[in-house]
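Let us walk through a protein chain step by step, beginning with its strands and then turning to the helices that lie against them. Keep the picture at hand while reading, and look for each part as it is named.

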Amino acid sequence: MKALGMIETLSIPRGIEAADTMLKTANVDLVMAQAVCAGKYIVLVSGEVAAVKSAVEAALAASRESLVDSLVIPNIHDDVFRAIAASSEVSGPNALGIMETFSLCAAIYAADAAIKAAQVELIEVRLGRGLGGKSFVTLTGEVAAVRAAVKAAENIEETAGMMAASVVIPSPHADVLNAIY
């Protein structure tokens, strides 16, 4: 089973140290490690569930008091990886869903819940770059499916209190879509 693990720290040095610890602790692949807005540092790894859990647990100890959030999602949907890399190819939408979160981890939880809940396509999972520490998820599909996906993401335990706002736009204007893609 493919899993995704992530840590989010308030300290760039502690975040880099945690990344090194994760990679030395378990057989995981580095998906992303970078500084993001508000002086945070994020590390994402993937691999077998047990390895990802071990890596994240080791990172929790390494990040110490600088830890903001962490996650382990077993059986992560493959489309979430493409959306994090902003490399999703999507067809013309009937609706556009946008979910904004206060936590970077919450955005990934939201994206995974949304794609698993309804027949939608993820466009992007933007993790804190140029957003003052927030994140957002964009997705597309039929109006009812996008509404169901957004509602599912809002209702999972992992996003409780972390959803800043969400909206579903039926038949978005072409210029809005061009700005998003």
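In this predicted model, strands β1 and β3 pair in the antiparallel sense over 8 bridges, and within that pairing threonine 9 stands opposite tyrosine 41 in β3. Strand β1 also pairs with β4, again in the antiparallel sense, over 7 bridges, where alanine 3 has proline 74 of β4 as its bridge partner. Strand β3, for its part, pairs with β2 in the antiparallel sense over 7 bridges, and here alanine 35 stands opposite tyrosine 41 in β3.

Put together, these pairings give an open sheet of 4 strands in the order β2-β3-β1-β4, with antiparallel pairing. Because β2 (29–36) and β4 stand at the edges with a single partner strand each, one side of each is left without a neighbour in the sheet. From one strand to the next, the twist averages 10°. Strand β1 is mostly covered, since 7 of its 8 residues are buried.

Which strands does helix α1 lie across? Helix α1 lies across β1, β2 and β3, and it runs at about 10° to β3. The 14 residues of α1 (residues 12–25) should span 20 Å at 1.5 Å a residue, and the end C-alpha atoms are indeed 20 Å apart, which agrees. At the N-terminal end of α1, serine 11 acts as a cap, with a side-chain oxygen 3.1 Å from the backbone nitrogen of arginine 14.

To see how α1 faces its surroundings, it helps to recall a general rule. An α-helix has 3.6 residues a turn, so residues three or four places apart point the same way. In α1 the buried residues are Gly15, Ala18, Ala19 and Met22. Seen down the axis of α1, these buried residues fall within an arc of 105°, so they line one face of the helix. Pro13 and Lys24, on the other side of α1, are exposed. The cover over the buried residues of α1 includes β1 (2–9), β3 (40–48) and α2 (49–63).

Helix α2 can be read in a similar manner. Its 15 residues should span 21 Å at 1.5 Å a residue, and its end C-alpha atoms are 21 Å apart, which agrees. Among the buried residues of α2 are Val49, Val52, Val56, Ala59 and Ser63, and what covers the buried residues of this helix includes β1, α1, β3 and β4 (67–74). After α2 comes arginine 64, whose phi is positive, near 50°.

Further along the chain, another 4 strands form an open sheet, in the order β6-β7-β5-β8, and the pairing is antiparallel. The edge strands here are β6 (120–127) and β8 (163–170), each of which pairs on one side only. Neighbouring strands of this sheet are turned by 10° against each other on average, direction ignored. Strand β5 (residues 95–101) and strand β7 (residues 135–141) pair in the antiparallel sense over 7 bridges, and threonine 101 has serine 135 in β7 as its bridge partner.

Two helices accompany these strands. Helix α4 (residues 104–117) lies across β5, β6 and β7, running at about 175° to β6. Helix α5 (residues 143–154) packs on the sheet and touches β5, β6, β7 and β8, while its direction makes about 175° with that of β8.

Key. Residues are numbered from 1 along each chain as its sequence is written. This is a predicted model: local features need pLDDT of at least 70, side-chain atom pairs count only at pLDDT 80 or more; totals for chains, interfaces and linings use all residues. Side-chain values use heavy atoms; hydrogens and water are left out. The expected span of a helix is 1.5 Å times one less than its number of residues. Buried means under 20% relative accessible area, exposed over 50%, partly exposed in between (1.4 Å probe, protein chains only). The arc is that of the directions from the helix axis to the C-beta atoms. Contact means heavy atoms within 4.5 Å. A polar contact is a pair of N or O atoms within 3.5 Å; within protein, one must be able to donate a hydrogen and the other to accept it, and residues adjacent in sequence count only if both atoms are side-chain atoms. Two strands pair if DSSP finds at least two bridges between them. Axes are lines fitted to C-alpha atoms, for helices over the stretch in contact, and angles run from 0 to 180 degrees between N-to-C directions.
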